[in-house]
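Here is a short tour for someone meeting this model for the first time. Have a look at the chain below, then read on.

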Amino acid sequence: RWGVYVKNRDNEGNIRTDLLGKDNEHWNFFLDTDGSVMYGSNWRDNGDGTWTADEILTRYSPLDLYLMGFY
């Protein structure tokens, strides 16, 4: 429950859901979450203007751990 519907505020104070993925739950696939098991990816810069998701669903990210109260 701690990481399912996390929202953020933009500079104008509006509530945003850009970090959320499908059905506005967990993390967006394109968010660099260090390969969080709550979805998201660990993105590697290929050095040529492209990026590769090299880890998906591998560990709890620092953000996950923070939201759990462990980090």
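Glutamate 55 is partly exposed, with a relative accessible area of 24%. Its side chain meets that of arginine 59 in a salt bridge, with 2.8 Å from N to O. Arginine 59 is partly exposed too, at 35% relative accessibility. Elsewhere, Asp10, Arg16 and Asp18 are joined into one network by salt bridges that share partners. Keep in mind as you read that this is a predicted model.

How many salt bridges does the model have? The count comes to 4. As a bit of background, side chains of opposite charge can pair when their charged atoms come close. Here are three of the pairs, with the distance between their N and O atoms:

| Acidic partner | Basic partner | N to O distance |
|---|---|---|
| Glutamate 55 | Arginine 59 | 2.8 Å |
| Aspartate 54 | Arginine 44 | 3.5 Å |
| Aspartate 10 | Arginine 16 | 3.7 Å |

Take the pair of aspartate 54 and arginine 44, whose closest N and O atoms are 3.5 Å apart. Aspartate 54 sits in strand 4 (residues 51-55) and arginine 44 in strand 3 (residues 42-45), so this salt bridge ties together parts that are 10 residues apart in sequence. Are these two side chains buried or exposed? Neither quite fits: aspartate 54 counts as partly exposed at 38% relative accessibility, and arginine 44 counts as partly exposed at 39%. Over in the pair with aspartate 10, arginine 16 is likewise partly exposed, at 34%.

Now for the strands themselves. Strand 3 and strand 4 run antiparallel, and 4 bridges join them. Asparagine 42 has glutamate 55 as its bridge partner in strand 4, and glutamate 55 is the residue whose side chain also forms the salt bridge with arginine 59. The two strands make a hairpin with 5 residues between them, and in that hairpin glycine 47 takes a positive phi near 80°.

Past strand 4, the chain goes through a loop to helix 1 (62-68), and leucine 57 is found in that loop. Leucine 57 counts as partly exposed at 46% relative accessibility. What does leucine 57 help to make on the surface? Together with Trp2, Val37, Tyr39, Ile56 and Tyr60, Leu57 makes a nonpolar surface patch of about 530 Å².

Leu57 also turns up among the contacts of serine 36. Serine 36 is in the loop between strand 2 (15-16) and strand 3. Is serine 36 buried or exposed? At 0% relative accessibility, serine 36 counts as buried. Leaving aside neighbours within four places in sequence, serine 36 is in contact with Trp27, Leu57, Thr58, Arg59, Ser61 and Asp64. One of those is Arg59, already met as the salt-bridge partner of glutamate 55.

Finally, step back to the whole chain. What does the secondary structure come to? There are 1 helix and 4 strands, and from the N terminus on the elements run β-β-β-β-α. The C-alpha atoms fill a box of roughly 35 × 30 × 25 Å along the principal axes. Of the 71 residues in the chain, 24% are buried. The accessible surface comes to about 5,100 Å², and 50% of it belongs to carbon and sulfur atoms. As for contacts with a separation of 6 or more, 20% of them are accounted for by residues 24 or more positions apart.

Technical notes. Residues numbered from 1 in each chain as written. Predicted model: local features only at pLDDT ≥ 70, side-chain atom pairs only at ≥ 80, totals over all residues. Heavy atoms only, no water. Buried < 20%, exposed > 50% of the residue type's maximum accessible area, 1.4 Å probe, protein only. Pairing = 2+ DSSP bridges. Patch = residues over 30% accessible without salt bridge, like charges linked within 9 Å, V, L, I, M, F, W, Y side chains within 5 Å. Areas by Shrake-Rupley, 256 points an atom, 1.4 Å probe, with all protein chains shown as cover. Contact = heavy atoms within 4.5 Å.
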